[in-house]
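Here is a friendly walk through the model, with the ligand site, the strands and the backbone as stops along the way. Have the viewer open and follow along.

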Amino acid sequence: MGFFEPFALERFFAKHEFSARYLLCSSDCESFPIRELLAMEEGAIDRLLDQRLGYTETRGAPSLRAAIAEQYAGLGAESVFVHSGAEEAILNLYLAVLKPGDRVVVNYPCYQSLSEIPRALGCDVARWEMRRGPDGAGGSRWFLDPDDLPGLCGPGAGMIVMNAPHNPTGSLPTREEFEAIVSYARRTGAVLLVDEVYRRLERDQGSRLPSVCEAYENGVALDVLSKHSGLAGLRIGWLASRRDDILDAVAVVKDYNSICSSAPSETLAEIAVRNLERIAARNRGIVAKNVALLEGFFSRRPGFAEWTPPAAGSIAFPRLSDGSDAEALAERLVSESGVLLLPGAYYDYDRSYFRIGYGRANMHEALIRLEVWLDANGK
Ligand SMILES: Cc1ncc(COP(=O)(O)O)c(C=O)c1O
């Protein structure tokens with residue numbers, strides 16, 4: 001038995017991602033080729049071809065960090081720390097700031113590394129449960145209740161962790177909820193890590209929250225080009241925080257990890273970051289079309305599954321209406337029709353839930369295949 005429990009979702013994808021024909025549960029938006037990225041800026045091709053293939057700076061190329069800092073009001077390049085994907089940033093941050101026995105409050109369900117790494121480090125991890133309730137407009141919504149925090153944090157949680165927009169439910173706190181969470185963290189001095197990798201994919205642009213690194217002096221924001229930008233192959237993510245001491249501690253860890261990111265990826269990432277709104281807008285277009293298709297699907301198929309419509313992101317978390325095991329269904333579905341859904345069991349959650357992804361351009365084809373299979377199986 002190693003240090004960590006296996007990452008259930010990654011093992012599931014390792015089994016199916018490159019063989020299933022229709023991925024209907026991916027969390028990233030549609031990717032695009034290097035050629036298209038290079039076409040976004042004059043001189044970009046030459047900059048890439050002239051990029052020397054040496055090491056880069058541990059915290060990221062200064063010009064990339066400056067471009068990322070432009071995304072945040074009031075932060076400079078010194079507040080940005082580039083990593084190889086969000087995943088490396090999560091690991092390095094936790095290794096840098098947590099010690100055994102620390103109380104860490106993490107939203108649940110969650111992307112497994114957000115809770116598993118603190119657990120493996122010997123921290124006392126408390127689950128901050130996502131709830132479902134009325135949305136005030138006749139529908140339902142997933143939400144985190146800020147009033148849960150005092151009970152969960154007890155006399156002194158060192159860190160509160162939330163992912164917003166949320167994987168897998170697509171929920172997004174209201175501004176009031178976000179402010180209540182920040183103000184609780186501020187009262188207790190807790191570090192607030194917000195995994196913001198699905199930010200910029202809000203269905204209503206007015207609902208986009210400020211980044212936690214802008215809103216809170218002890219806030220640490222996590223972002224990556226994989227999801228809103230569809231550029232997972234670059235493996236470029238970052239932490240942004242006004243806590244210099246935290247970033248300094250992360251630097252100590254990174255010297256024992258990747259040391260620095262890939263130089264060509266950083267060059268390409270800089271182009272992407274400078275064109276972030278344009279890239280995210282393209283992906284919001286794909287998402288909006290797909291959400292409309294899913295709305296139709298769920299209203300046609302109440303006997304199959306019910307969903308709580310997502311507020312943001314590229315994934316949602318419906319539930320099989322008969323309460324049966326989504327893993328059994330997913331295994332049959334992928335082997336008989338090539339359509340892949342992600343069972344809720346992989347989030348250590350109620351087995352009747354499953355994750356559906358709507359950031360990909362071919363989602364409509366996957367949905368047609370799913371409906372054909374449902375019809376053939378009388379569902
Ligand atoms: C909430 C969340 N955080 C972090 C990550 C890791 O991102 P990356 O694979 O780009 O490192 C993911 C990937 O699915 C995610 O959903």
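## A hairpin to begin with

Let's start at the hairpin formed by β5 and β6, where 5 residues lie between the strands and Gly-136 adopts a positive phi near 85 degrees. Please keep in mind throughout that this is a predicted model.

The two strands of this hairpin cover residues 131–134 for β5 and residues 140–143 for β6. They run antiparallel and are joined by 4 bridges. If you want one position to look at, take Gly-133, which stands opposite Arg-141 in β6.

## A small set of strands further along

Next comes an open sheet of 3 strands. Reading across this sheet, the order is β12-β16-β15, and the pairing is antiparallel. Which strands form the edges? They are β12 (315–316) and β15 (342–343), each of which pairs on one side only.

To follow the pairing residue by residue, look at β15 and strand β16 (residues 354–357), which run antiparallel and are joined by 2 bridges. Here Leu-342 has Arg-355 in β16 as its bridge partner.

## Who surrounds the ligand

Now to the ligand, which takes up the space of the largest pocket. There are 15 residues around the ligand, and those that come nearest are Asn-167, Asp-195, Tyr-198, Ser-226 and Lys-227.

What is the make-up of this shell, in terms of nonpolar, polar and charged residues? The residues of the shell divide into 6 nonpolar, 5 polar and 4 charged. Which element gives the largest share of the shell? That is helix α5 (residues 85–97), from which 4 residues come.

## Polar contacts and burial

If you are setting up a pose comparison, three distances are handy to have. Asp-195 places a polar side-chain atom 2.5 Å from a nitrogen atom of the ligand. For Ser-226, an N or O atom of the side chain is 2.5 Å from an oxygen atom of the ligand. Arg-235 also has a side-chain N or O atom by a ligand oxygen atom, with 2.9 Å between them.

How much of the ligand does the protein bury? Taken alone, the ligand exposes 400 Å², and the protein buries 93% of that.

## Backbone details in the loops

The loop between β7 (159–163) and α8 (175–188) deserves a look at its peptide bonds, as Pro-165 has its place there. The bond that joins Ala-164 and Pro-165 is cis, with omega at about -5 degrees. Pro-168 also sits in the loop between β7 and α8, and a cis peptide bond joins this proline to Asn-167, with omega at about 15 degrees. You have met Asn-167 already, as one of the residues that come nearest to the ligand.

One more backbone angle to check belongs to Arg-200, which is not a glycine and yet has a positive phi of about 80 degrees. You can find Arg-200 in the loop between β8 (191–195) and α9 (212–215).

Notes: Residues are numbered from 1 along each chain as its sequence is written. This is a predicted model: local features need pLDDT of at least 70, side-chain atom pairs count only at pLDDT 80 or more; totals for chains, interfaces and linings use all residues. Side-chain values use heavy atoms; hydrogens and water are left out. A residue is near a molecule or strand if one of its heavy atoms lies within 4 Å of it. A polar contact is a pair of N or O atoms within 3.5 Å; within protein, one must be able to donate a hydrogen and the other to accept it, and residues adjacent in sequence count only if both atoms are side-chain atoms. Accessible areas come from the Shrake-Rupley method with a 1.4 Å probe; for residues, only the protein chains shown count as cover. On a 1 Å grid over the protein atoms alone, a cavity is a set of points where a 1.4 Å probe fits but cannot get out, and a pocket is an open set with protein on both sides within 12 Å along at least five of seven lines; lining residues have an atom within 4 Å of a point. A molecule sits in a cavity or pocket if more than half of its atoms lie within 2 Å of its grid points. Ala, Val, Leu, Ile, Met, Phe, Trp, Tyr, Cys and Pro count as nonpolar, Asp, Glu, Lys and Arg as charged, and the others, Gly among them, as polar. Two strands pair if DSSP finds at least two bridges between them.
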